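Please walk me through this structure, one part after another, in a way that suits someone who has not looked at it before.

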Amino acid sequence: MIANPDYVEEKNVGVYSDIAGVGIEVWQVKAGTVWDNILVTDSEAEAEEFRKATCDNCAEAEKEAKKAIDDAAKAAEEAKRAEEEAAKDEDEDDDDDEKDEDEDKDLDELDDKKDEL
């Protein structure tokens, strides 16, 4: 290693007496993630107490809210699919009617030819 004459060892890295703010960069994979109840502390006991007071109380409500959102999205998707199927069936019905009209015309022509014979 090369000696650095300007190097000064910092003994209290990361120890602050007052923090005015915290910046957090979050990369989320799935949209809809909510970040709440953020605690910055150096005390494991305080962190555990905070978790019990906040996270343990809201976990079930968060699961229910997620289920409601998922159910609503599923219902919307099923409604969209049903609407598409109905439109498809209507198009097929229209096509069937056109075929029936053509078939009737063809049958009439055959009857006319049969009468001529």
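**A walk along the model**

At a relative accessibility of 38%, Asp-70 counts as partly exposed, and with this residue we can begin to read what is a predicted model. Asp-70 does not stand alone, for its side chain meets that of Lys-66 in a salt bridge, with 2.7 Å from N to O. Both Asp-70 and Lys-66 belong to helix α1, where they are 4 residues apart, about one turn of the helix. Lys-66 is likewise partly exposed, its relative accessible area being 44%. The two ends of this salt bridge therefore both fall in the class between buried and exposed, Asp-70 with 38% and Lys-66 with 44%.

Elsewhere, salt bridges that share partners bring Glu-48, Arg-51 and Asp-56 together into one network. In one part of this network Glu-48 pairs with Arg-51, and the closest N and O atoms of this salt bridge are 2.4 Å apart. Glu-48 and Arg-51 are both placed in helix α1, which covers residues 44–116, and they are separated by 3 residues, about one turn of the helix. In another part of the network, the side chain of Arg-51 meets that of Asp-56, again in a salt bridge, at 2.7 Å from N to O. How accessible are these partners? Glu-48 has a relative accessible area of 33% and is partly exposed, Arg-51 is partly exposed with 32%, and Asp-56 is partly exposed too, at 43% relative accessibility. When the whole structure is searched, 5 salt bridges are found.

Is Thr-54, another residue of helix α1, buried or exposed? Thr-54 is buried, because its relative accessible area is 17%, and the limit for a buried residue is under 20%. A polar atom of the Thr-54 side chain lies 2.7 Å from the backbone oxygen of Phe-50. Ala-53, which is also found in helix α1, is partly exposed, with a relative accessibility of 48%. Lys-63 is a further residue of helix α1, and Lys-63 counts as exposed, because its relative accessibility of 57% is over the 50% that this class requires.

We may turn next to the cysteines. How many disulfides does the structure hold? The structure holds 0 disulfides. Cys-55 takes part in none, and the cysteine sulfur nearest to its own, that of Cys-58, is 5.4 Å away. For Cys-58, which is also in no disulfide, the nearest cysteine sulfur is that of Cys-55, at 5.4 Å. A disulfide would need the two sulfur atoms to be within 2.5 Å, and for this reason the pair does not count as one. As for its surroundings, Cys-55 is partly exposed, with 34% relative accessibility.

Some separations between C-alpha atoms help to give a sense of scale. Ala-47 and Lys-63 are 16 residues apart along the chain, and their C-alpha atoms are separated by 22 Å. Between Ala-53 and Ala-75, which are 22 residues apart along the chain, the separation of the C-alpha atoms is 35 Å. Gln-28, whose place is in the segment before α1, is partly exposed at a relative accessible area of 40%. The C-alpha atom of Gln-28 is separated by 68 Å from that of Asp-108, and these two residues are 80 residues apart along the chain.

There remains the largest pocket, which has a volume of about 440 Å³. The largest pocket is lined by 14 residues, and those closest to its centre are Gly-32, Thr-33, Val-34, Lys-66 and Ile-69. Of what kinds are the residues of this lining? They divide into 6 nonpolar, 3 polar and 5 charged. Lys-66 links this last part of the walk to its beginning, since Lys-66 is among the residues closest to the centre of the pocket and is also the partner of Asp-70 in a salt bridge.

Notes:
Residues numbered from 1 in each chain as written. Predicted model: local features only at pLDDT ≥ 70, side-chain atom pairs only at ≥ 80, totals over all residues. Heavy atoms only, no water. 1 Å grid on protein atoms, 1.4 Å probe; cavity = no way out; pocket = protein on both sides within 12 Å on 5 of 7 lines; lining within 4 Å. Points joined across faces, edges and corners; volume = space filled by probe spheres on them. Nonpolar A, V, L, I, M, F, W, Y, C, P; charged D, E, K, R; others polar. Salt bridge = Lys/Arg side-chain N within 4 Å of Asp/Glu carboxyl O. Helix = DSSP H or I, 4+ residues; strand = E, 2+ residues; numbered from the N terminus. Buried < 20%, exposed > 50% of the residue type's maximum accessible area, 1.4 Å probe, protein only. Polar contact = N/O pair within 3.5 Å; in protein donor to acceptor, adjacent residues only side chain to side chain.
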